[in-house]
Amino acid sequence: MSSLAQGAAGVPAPVAPGARGGRRVRRSSRAREESRTGLLLITPTFVIVVAVVVLPVLWTVSLAFQRVRLLDLRDTGVLGDYTLANLADVLTSPGFLESLRTTLVYSVGGTACAIGIGLVAALALRRPFRGRGAVRAAMLLPYVAPVVAATFVWSTALSPQFGVVNHWGTELLGWDEPIAFLSSRADTFSLLGWEITVPTALLTVIAFEAWRSFPFAFLFLTARLQAVPETLDEAARVDGATPSQRFRHILLPQLLPTIAVLSVLRFIWTYNNFDDIYLLTGGGAGTQVVAVRVFDYLTARGDIGAAAAQALVLAVILAVAVTAYLRLFGRREEVA
Amino acid sequence: MSSAATRGPERRRGLSRDAVENALLRVARPVVIVLLLLIAVVPFWYMVVLSFRPLDAVARDPGALWVPLADITWSTYLSVLRPVAEGGQDFLVFIRNSLVVALGTVVLSLLVAVPGAYAVSRLEFFGRRRISALFLAVYFFPAILLAVPLFVFFTRIGLRGSLVGLLIVYVAQVAAVTIYMLRNYFDTIPVSLEEAAALDGCSRLQVMRRIALPLAMPAIVSNGLFVFMIAWNEFLFALLFLIERRDSWTVSLGLSQLAGSIEVPTTVLMAGSVILTLPIVILFFASERLLVGGLTAGAEKG
């Protein structure tokens, strides 16, 4: 069946709309006027972004190298005593490396599950049927719903005292006792004589992330599926390809670029995620990701220097990882 | 996933494997669809059901996924909406705050970003590519990295507790998405239309107002809805800036703060969750086509 794969790979990708070029030559006075108008129109956005994003980030960098606590905030200026102590403390402090590891497990697991479920959903809903539009819209609910409401419903449903999940689990599925999904670091199950220990709370927050963001993957994969030429599929069918072969050799190669982009996007967002874990577990029971740790240092301990240092480490690791990824696999699509 | 699950035994070659797979798929497809639908919808159904049940009924039978008609109570909603003075949770005030912040963000960000998106799409100016790269970078920034300095800054100038500070942060956060979405749309509008108007003597700003803006209206509306949803749902910055002033809490913040306390019954907070979610769901179903189109515009480039 390799000829099929080649055929699929040989099909040119749809050309992006609005491709520019060709209209470069222009009279210079007009060009100058255009440049002035352009700068004028972009300035408000530019000013806000610089003031509320760029400058604060630079300030974080500066704070990361100073010993600042919330209490003595008034005395510190931009030119404080710079020191590497924060970074050294943070990197060696108990729990930081573990929370980095948790962050990675959480983002890789959440991303993979979300894209996997999204792909299944997109494939299952590919052929039209009555009510497909409504089903598709309903499936997007977890993604658009406010995160506070979603986490609250989950933690209520999973509650060991009056949660619906534990109720049915103990009644119908024969669980010995309610499972503390959100507050138990590890649980041991015996399955066919094997004792398996699982990080319960971490798996639960990963499941929540998968539930919340699979619609996003589903949406983008559906959009891509609609652009796959119908004739390809028909030709393969005529050639006698089975459904799984058609998926493997025709659809998958078409979807791979989208899956790659989705992986990067979802990974970045999950890696940076604060809300979900803070609201579900507060960072307890082995779910403390770095973002939640930064928040704790900032508010509970008032240790601004250490909070800034950890946020900085978080961002630098992400920047390095994404740059490396784009260097290795990117260059295909131009971003800016 | 489905390929592994549906690869049937290959007893006879060719046709039979095809038949087996097709038969499997015919069963698996509806099962998968129903399952996914349940996964997506049941938590919301559970939310609505709990919000209408009396607390003692929930304690007696936690497993019920429906409310007997006789049991339905509206008292949860009354109690969550009433002011504190009357024993309620003040959600009316929270709703007003959320509305002010979200609508303000929509208006301000559109005012600022529509001209910006037009400029990035149409006009050749110094640093154009660098500026769009900067905006895109903002989109992927860890919010927590911004949280530290903004927290410090707003503490210092005493703007903590003010909705205005929050509004400015939100506008900066959504400007990137807005410019990106609208730029893509402006790119699809044929330049020839504007050139014709320019030949007729329109200035650049007139061209923009009379030709580009009306044509881009669908994209602007869908972007406005999208921004509204982001601002309405936002939690981290509201938590950082507003926590000390109960009268300026947003619905999200109010719900999360009250969820931790034991005094407020879960069913009452479920009513609060419904109130927080309902506007978004209504907005979403009313504009699903527009929104999805706007969101996935450019997905085909992938």
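Helices H5(B) and H12(B) are oblique to each other, because their angle falls in none of the named classes (under 35 degrees is roughly parallel, over 145 roughly antiparallel, 65 to 115 roughly perpendicular, and the rest oblique). Their axes come within 8 Å and cross at roughly 140°. Axes here are lines fitted to C-alpha atoms, for helices over the stretch in contact, and angles run from 0 to 180 degrees between N-to-C directions. Helices (H or I, at least four residues) and strands (E, at least two) are DSSP runs, numbered from the N terminus; H12(B) covers residues 251-259.

Before I continue, please note that this is a predicted model, in which local features need pLDDT of at least 70 and side-chain atom pairs count only at pLDDT 80 or more, while totals for chains, interfaces and linings use all residues. Residues are numbered from 1 along each chain as its sequence is written, chains are lettered from A and ligands numbered from 1 in the order in which they are written, and side-chain values use heavy atoms, leaving out hydrogens and water.

Which residues make the contact between H5(B) and H12(B)? Contact means heavy atoms within 4.5 Å. H5(B) supplies Phe91(B), Phe94(B), Ile95(B) and Ser98(B), and H12(B) supplies Val251(B), Gly254(B), Leu255(B) and Leu258(B). By class, six are nonpolar, two polar and none charged. Here Ala, Val, Leu, Ile, Met, Phe, Trp, Tyr, Cys and Pro count as nonpolar, Asp, Glu, Lys and Arg as charged, and the others, Gly among them, as polar.

In the loop between H4 (75-81) and H5 (91-122) of chain B lies Asp90(B). Asp90(B) has a positive phi of about 70°, although it is not a glycine. Most residues other than glycine have a negative phi. In chain A, Ala285(A) also has a positive phi, near 55°, and is placed in the loop between H12 (275-280) and H13 (290-299).

Let us turn to a second helix pair, in chain A. H11 (residues 243-271) and H14 (residues 304-329) pack at about 175°, with axes 11 Å apart; these two helices are therefore roughly antiparallel. Among the residues in contact are Phe267(A) and Tyr271(A) of H11(A), and Leu318(A) and Tyr325(A) of H14(A). The contact has ten nonpolar residues, no polar and no charged.

How many salt bridges are there over all chains? The count is nine, a salt bridge being a side-chain nitrogen of Lys or Arg within 4 Å of a carboxyl oxygen of Asp or Glu. One joins Glu98(A) to Arg185(A), with the closest N and O atoms 3.8 Å apart. This pair links distant parts of the chain, 87 residues apart, with Glu98(A) in helix H4 (residues 96-124).

Finally, the chains themselves: 106 residues of chain B and 104 residues of chain A take part in their contact. Between chain B and chain A there are zero salt bridges.
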